[in-house]
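Student: Could you take me through one part of this protein in detail? I would like to follow a single surface region and see how it sits in the rest of the chain.

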Amino acid sequence: MSRASVRALAMANTLLSLAASFVFSIAVTRKLPFIYLGLLNIYAGAISISTVATSIVSFMSPRLSARDGGLAAGLVMSSLIIGLVGSAIAAAFMFGIRWRVTEYFGIITALAVVSATLTSIGYAFGGALTVFNRSRLMYSSIITSAVKLASVYYIYLERWSFESVLIANFVILMSGAVYSALAAAGLLRPGELRKSFKEIMAGAWVALVGYASGNVRSLDSFMIAGFGGVEDNAAWQVLGVAGGIYSFRGQLMSITYGEMLQGMSSERRAYYDLLLMLFFTASASLLMIFFEPEVMAFLRPTDPYLIGLMWIPFTIWASSNVFSTFNRYLATVMQGAERRDLKGNLTARTYVGSLVLYANLAELILTVSYIALIPVLVLSLERLSVYFYVLDGVILAGAVATAIAVAAQIISFPQAKKYLDPGALMVDFLAPLIVSSAVLYLARPELESMFPPTVSALLGLIRLAILGIITALIYLAASVAISSNSRKIASAVINRAIKRAKALL
């Protein structure tokens, strides 16, 4: 499949992912009691903290596969061993927070432990697909979205029980991993467990600096519970569910990363990928900020008091996702541009002074800054009598920490200007963002009168979809009118769609 086709598939996948996330939100945030959302957040935190170990596989698999020309059997076996370590970490996390979980401790712990091991194995196969078959990598995400949609019916049959939501989340998580294993089976190559495990461990310290330290940020669930309580964890979970709208970034990042590891991506191509990511990120963030009442009414129709109260958290959080996009993009191109580990056997010194190390150090800086800023900002906002002072403090800490990490990446990566092109971004991103924000600010009263908040799930979904399309079209119109690069991308997408349509006819 051509690079343009893979990106077209990624865009189609993005739309399906958005639809699946919104529909699944009905089964989770609309029906579950607020306290159960807090428990669901703890389950997600257990899985996230387990990746302190399993992220080593996520980091090493694509790089070793690119070097070896396939997926070594020893790497898969190593991923199983590391997955078991991740399971132990998840179990320890649950034991440490068991006083918040009460009667659901058993099922949450069991699912988190199994998820850690299977996810680690899925990382091994997914890493190989990232390098050698990015179209199948997109299909794994499509299957995950399809399973997410199908699981809604299962939850309905189980009368929206908390246990059914937990099981559905587990099956959704596993579906992509299982498909990746089946899709990448043909890439398996002979390989000794000892050799693969030794090389993985040689690069593990870099992964622990960045990938794993990033997942230590899941300790924010502890801090939210400590400063606030389960209600604050539940509000955090609402944001987490809404955050599914940003899942497309990982797909586009994987395409860029895989092409760079294969030496197939130019600086201009990578920059166009950034503009695609920013288009979806900006559209999603503008929807969250300007139509927070409609979003909250859809997510929590049983808690109308949250409408308005959640506007500040939504605004800070949606804005911080722009910084997050830049951070993830820079980390991707830094690691994709580094090739010293693709030329021979890995040792513990291979990554010393490399762009891979600097990218992961930026993640460590982000984590340390985030955890350190949380108590400072939470306590400061408490003194200002902000209603969701815990939530606002945590989100603001994340935004500031991400900005610091981006600055660190730019300092350590002199070529960043070629990939970011600051002058072009002023025209390609900032100017359209300002114009579209002004248009939405003026049009918002009329649009809200046409599509007011509603407690109806179906009607709410339809109205949100319409508002999302309107928001994206306004941003797209501003981009095309102002930016020549945006016009080139739009033209390429339209031409590809026309060719596809003609082929089908």
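**A nonpolar patch and the core**

Tutor: Happy to, and let's start with one residue: I482 has a relative accessibility of 31%, so it counts as partly exposed. Keep in mind that this is a predicted model. I482 lies in helix α19, which covers residues 457–482. Together with M426, V427, L430, I434, V435 and V439, I482 makes a nonpolar surface patch of about 530 Å². Helix α18, residues 422–450, is the element that gives the most to this patch, with six residues.

Now look inward from L430, one of the patch residues. L430 is in contact with L425, whose other partners beyond four places in sequence are Y271, L274, L275, L278, F326 and L420. L425 also brings us to the interior: the largest nonpolar core has 145 residues, and L425 is among those with the most contacts inside it, along with Y43, M288, F314, F326 and Y329. The element that gives the most to this core is helix α12, residues 267–290, with 17 residues. As a general point, nonpolar side chains tend to be buried together in soluble globular proteins.

Stepping back, the chain has 20 helices and two strands, and 56% of its 505 residues are buried. Of the contacts with a separation of 6 or more, 86% join residues 24 or more positions apart. The radius of gyration is 22 Å, which agrees with the value near 23 Å for a compact globule of 505 residues. On the outside, the chain exposes about 20200 Å², with carbon and sulfur atoms supplying 68% of that area.

Definitions and conventions
Residues numbered from 1 in each chain as written. Predicted model: local features only at pLDDT ≥ 70, side-chain atom pairs only at ≥ 80, totals over all residues. Heavy atoms only, no water. Core = buried A, V, L, I, M, F, W, Y, C linked by side-chain atoms within 4.5 Å. Buried < 20%, exposed > 50% of the residue type's maximum accessible area, 1.4 Å probe, protein only. Helix = DSSP H or I, 4+ residues; strand = E, 2+ residues; numbered from the N terminus. Contact = heavy atoms within 4.5 Å. Patch = residues over 30% accessible without salt bridge, like charges linked within 9 Å, V, L, I, M, F, W, Y side chains within 5 Å. Areas by Shrake-Rupley, 256 points an atom, 1.4 Å probe, with all protein chains shown as cover. Salt bridge = Lys/Arg side-chain N within 4 Å of Asp/Glu carboxyl O. Rg over C-alpha atoms; globule rule 2.2 N^0.38 Å.
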